[in-house]
Amino acid sequence: MSWSGLFSQLLEIAVALLLAPLLTGWVNQCRAWLQNKSAPSLMLQYRMLRKLFHKESVVAEHASPLFRAAPYIVFGCMALASGIIPTLSTDLPLSPAADAIALVGLFAFARVFISLAAMDIGTAFGTMGARREMLIGFLAEPALLMVLFSASLITQSTSLTGIVETLAHGKFTIYPSMAFAGVAFTLVSLAENARVPVDNPSTHLELTMIHEALILEYSGRHLALIEWAGSLKMFAYSCIGLALFFPWGMAEVDAPGATILALPVLVFKLAIGGALLALIETVSAKMRIFRVPEFLATAFMLAVIGMLVHFLPGA
Amino acid sequence: MMMQAYLIQSINLFASALLLLSFAMLSQRRILTLIHLFTLQGAALVAATVVVAYVTDQHHLYYSAAITLVTKVFVIPLLLHRLIDRLNIKWDVETLINIPTTMLIGILLVVFAFNLALPIVKLSSSIAHSTLGIALACVLLSFMMMITRAKAVPQVIGFLSMENGLFFAATAATYGMPMVVEFGIAFDVLVGVFILGVFMFQIREQFDSLDIRHLEKLKDD
Amino acid sequence: MEYLLLVLVIPLLGGLVLALCGHRDYAPEVNVGVSLCTLVAAGLLTSHIIDGGPILVLDRQFLVDPLNVFLIALTALVGFTTSVFSRPYMRVERDRGKMSPKRMRLYHSMYQMFIFTMLVALSTNNLGILWVAMEAATLTTVLLVSVYRTAASLEAAWKYFILCGVGIAQALLGTILLYLAADKVIGAGGGALLWTNLDAVKTMLEPNVMALAFVFLLLGYGTKVGLVPVHNWLPDAHAEGPTPISAVLSGLLLNVALYAVLRCKMLADGALQNQLPGRLMIGFGLLSVVAAVFFLARQKDVKRMFAYSSIEHMGLMTFAFGLGGPVANFAGLLHMTVHSLIKSAIFFAVGHATQKAGTQLMANIRGVLKLSPTVGWGMLLGTLAILGMPPFGVFASEFLIITTAMRYLPWATPLLLVALGVAFAVIFVRVQEMVFGDSELKPLEHSPALLPVFVHLGLGLMLGLYIPPYLVGWYQQAATMIGG
């Protein structure tokens, strides 16, 4: 492990922690603009986190230790995930610890804990939310894996840094299979991050909410951690998308100075990505929960076709 | 040389877009979106044909691209739009099999088509020969769309999208058919769409619906 | 060359003229006149070919050889007699309010266009144009089948369009594959779809691709031939369209589609050098014969019943051409001719009978013989002829097919015999019930045109007793060409 590696690893985690709420704020702002509403401040997320951290955390009487531990576990998972996804540099000491498959496992781990915690209290909403969350999860994970495999097939590696290095620094080639993977990935990320066609992040309507139902019982610093983890998850997904489909502008192993230069590129790419997300959310309507399996099945199919296209005869 | 490589890769990309759009059409419930997707598919076809024409310097392919552009991207979608406006249907696409099952069968069809294309691909020396499997897959997928849709308009769109797949197969394998034949095919397709449009009015007049499940009275008994 | 141009231009012009004046009172006569001119031109073309041998004209795009010239003559003949039959038949339909003047115009114009597309399909040398002409023939007949605009006729036409559209798309795929295989050998000078060029190099075509191409072509054009399992459109289209159209569908269109399959088979045989194309055709043919007989027994509608009989006979021809060799091919060609003559004669007679009875349900048609002896005898004789009673021509061709089958494919013979026997029993009993018995119906206001019925039956009888030597020579040449 070189010093520059350590530096870029730490920088990357710090950037993730700091930028994640900003990304959420940016998406909300774009959404408000597109919907002709007056936009909330970009800093709103930070202020909310600060407010929540200062508040007392109320926990239900019958809550088990699991309920208290869950926010920390979830937050830890997401922070680790943002650590192993290459955003600024491919020289990450943590990356050998977890490849693309382990990354999906990390997300699944967090999902299991938040669902268990939601059922822990025994309220109806929590259980319902947990059920729906698991439904989405078990459909979305295989699709995400297939997307990552499409990229792995091209680059002959399941390590995320390996994939990015090959894609970004190899000879530029148009991969048709990545077009399918890209569409599939977009669908999966919308579902995983509780965005509009699947879930509405700004609603608390009993019958439709999924993600919000899970965290109804949390308050104070627990809620703050979970909200922050949510932002981190969206940040992580955006970075996976950027790493797979737009990997250019990232620093290489032997160019530590470039890590700093990669930062503005990343911010620029994220800004565009966030605006596109807001656009998708504005133009599509939320679908009924029964349609979600179909939505995710589509994503899975597309990812599989992407892999098939890779094996196109004669190509 | 570098440029050439990118152009050939972009043919593959457009081919994949065709396949992607075929799948999108297979999973689409709304008629209006279906027509948009069909238009897009036509556009992807035109783009692929133009690139093939440019790379191989086959001038007649420019003409066939132009024919496709006029018929598949402008005239036919326009006719379809006017048709659904006048018939006042926008939402009504019903499938006979649920969509995830359809998609699953669709994947099997793609695998089958790729295997079917293997001996042909070996024979063809065209620069786009690797996309033949995709063309066959598009044909089979549209075929399935025709089978699984209960309404008249989606069936027709399935038929037209099958024609797209066939056209692409011709471009990919042999740089298109002779000009006379392509004109003939385009003419037949146009006339066919026109006749079907007239038919739909009459079917609705007779049955008060465009559900072709009404069209099952004639049985062998 | 002039004659060929005439054969093609006359119906085309006729179609255009009738598009303008098809609703007038004299339109049926114009229709007959145009068809007669086509027949005369086809006769001249035929004698020209008999004297001077095959011609390859118009930049090699058109080919007339012994195989297709006899089909061209047959098409012109049946086209003419059907127009004679349609004259009083459609007048009755108009008087009964089933046809408005606009529809009469559509009917007459499309009738000529249909004949035109079939003649183009038969005479073209370009397999691509063959495809285009077949598709155009589908389009014109779709309009003709739906001309009554009733729920049932719309349903039949819709089914016809969608099924044949899918079928013909398979044929296009087959044509593309054929072009691919030919492109390798012939090169990019164009002409890789010209049948004569393909025939010259057929042994050099890549066998795998040709096998695939033939499968698609057989399925595609087979849909139009009415081969089981892709036959579903055929009974509906026959039953719900006007009867003259049923006659030309059965008598001509199915032949043209089979002709397309034959042309492709000749190429596939050359390229593959094995039994695959023949075996496929034998399989489809046998399946069609057997399945059609099963369906036939369940029919209540007389036109549907005879439509299934057409499927049976097309299956028999496909089987014969699948067997291959000079005898079976000869029998297949003869069967093509007599089936087309006699089946259209039956449809003429049945058309008059149903028009009199005002229904197509066999249970409601009784006493045709009493009502009109000529129509009754026409129906009865036609039925006997199509069922293979000697001395009609169908007997001769079926006898030849079955004896050849006995030699090369013994296990298929009992199947064929049983199928033909069942068909005989079913159809004969049904027709006999319709023809004899009592009836109180009044005669029709336009006297029926029965000349075509008896001309066709007479020709069918003649072909059973005596085939003129030039016709024999002609069949033999065509049979040798098909080979296999």
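Helices (H or I, at least four residues) and strands (E, at least two) are DSSP runs, numbered from the N terminus. With that in hand, we can walk through this model of three chains, A, B and C.

This is a predicted model, in which local features need pLDDT of at least 70, side-chain atom pairs count only at pLDDT 80 or more, and totals for chains, interfaces and linings use all residues. Residues are numbered from 1 along each chain as its sequence is written, while chains are lettered from A and ligands numbered from 1 in the order in which they are written.

**Confidence**

For the complex, the predictor gives an ipTM of 0.91 and a pTM of 0.86. Its confidence in each residue is called pLDDT and runs from 0 to 100. Chain C has a mean pLDDT of 91, and 99% of its residues reach 70 or more.

**Chains A and B**

Let us start with the make-up of two chains. Chain A has 11 helices and 0 strands, and chain B has 7 helices and 0 strands.

The table uses two more terms. A residue is buried if 20 or more other C-beta atoms lie within 10 Å of its own, exposed if 12 or fewer, and partly exposed in between, with C-beta atoms placed from the backbone. Two residues are in contact if their C-beta atoms, placed from the backbone in the same way, lie within 7 Å.

| Chain | Box of C-alpha atoms along the principal axes | Buried residues | Share of contacts (separation of 6 or more) made by residues 24 or more positions apart |
|---|---|---|---|
| Chain A | roughly 60 × 45 × 40 Å | 48% of 315 residues | 81% |
| Chain B | roughly 60 × 35 × 35 Å | 52% of 221 residues | 75% |

How does each chain agree with a compact globule? The radius of gyration is taken over C-alpha atoms, and the globule rule is 2.2 Å times the number of residues to the power 0.38. For the 315 residues of chain A the rule gives a value near 20 Å, so the 19 Å of chain A agrees with a compact globule. For the 221 residues of chain B it gives a value near 17 Å, and the 18 Å of chain B agrees too.

**How the chains meet**

Which chains share the most contacts? Of the 2 pairs of chains in contact, it is chains B and C. Chain A and chain C are joined by no contact, and their closest C-alpha atoms lie 16 Å apart.

To sort the touching residues by class, Ala, Val, Leu, Ile, Met, Phe, Trp, Tyr, Cys and Pro count as nonpolar, Asp, Glu, Lys and Arg as charged, and the others, Gly among them, as polar.

Where chain B meets chain C, 37 residues come from chain B and 42 residues from chain C. On the chain B side, α4, α5 (132-148), α6 (152-174) and α7 (179-207) each give two or more residues. The largest share, 14 residues, comes from α7(B). By class, this side of chain B has 25 nonpolar, 7 polar and 5 charged residues.

Where chain B meets chain A, 25 residues come from chain B and 20 residues from chain A. Here α1 (2-26) and α4 (99-123) of chain B each supply at least two residues, and α1(B) gives the most, with 11 residues. This side of chain B divides into 17 nonpolar, 8 polar and no charged residues.

**The nonpolar core**

A nonpolar core is a set of buried Ala, Val, Leu, Ile, Met, Phe, Trp, Tyr and Cys residues joined through C-beta atoms within 7 Å. The largest one holds 370 residues, of which A184(A) and A169(B) touch the most other members. Helix α6 (residues 151-186) of chain C gives this core its largest share, 23 residues. Setting aside neighbours within four places in sequence, A169(B) is in contact with residues including L136(B), V139(B), L173(C) and I176(C).

**Unusual backbone spots**

Most residues other than glycine have a negative phi, and most peptide bonds are trans. Q156(A) is not a glycine, yet has a positive phi of about 60°. The loop between α5 (124-155) and α6 (160-169) of chain A holds Q156(A), which counts as exposed because it has 9 C-beta neighbours inside 10 Å. Y175(B), also not a glycine, has a positive phi near 55°. Y175(B) sits in the loop between α6 and α7 of chain B and counts as buried because it has 21 C-beta neighbours inside 10 Å.

In chain C, the peptide bond from V228(C) to P229(C) is cis, with omega near 5°. P229(C) lies in the loop between α8 (207-225) and α9 (233-240) of chain C.

Technical notes
pLDDT is the predictor's confidence in each residue, from 0 to 100.
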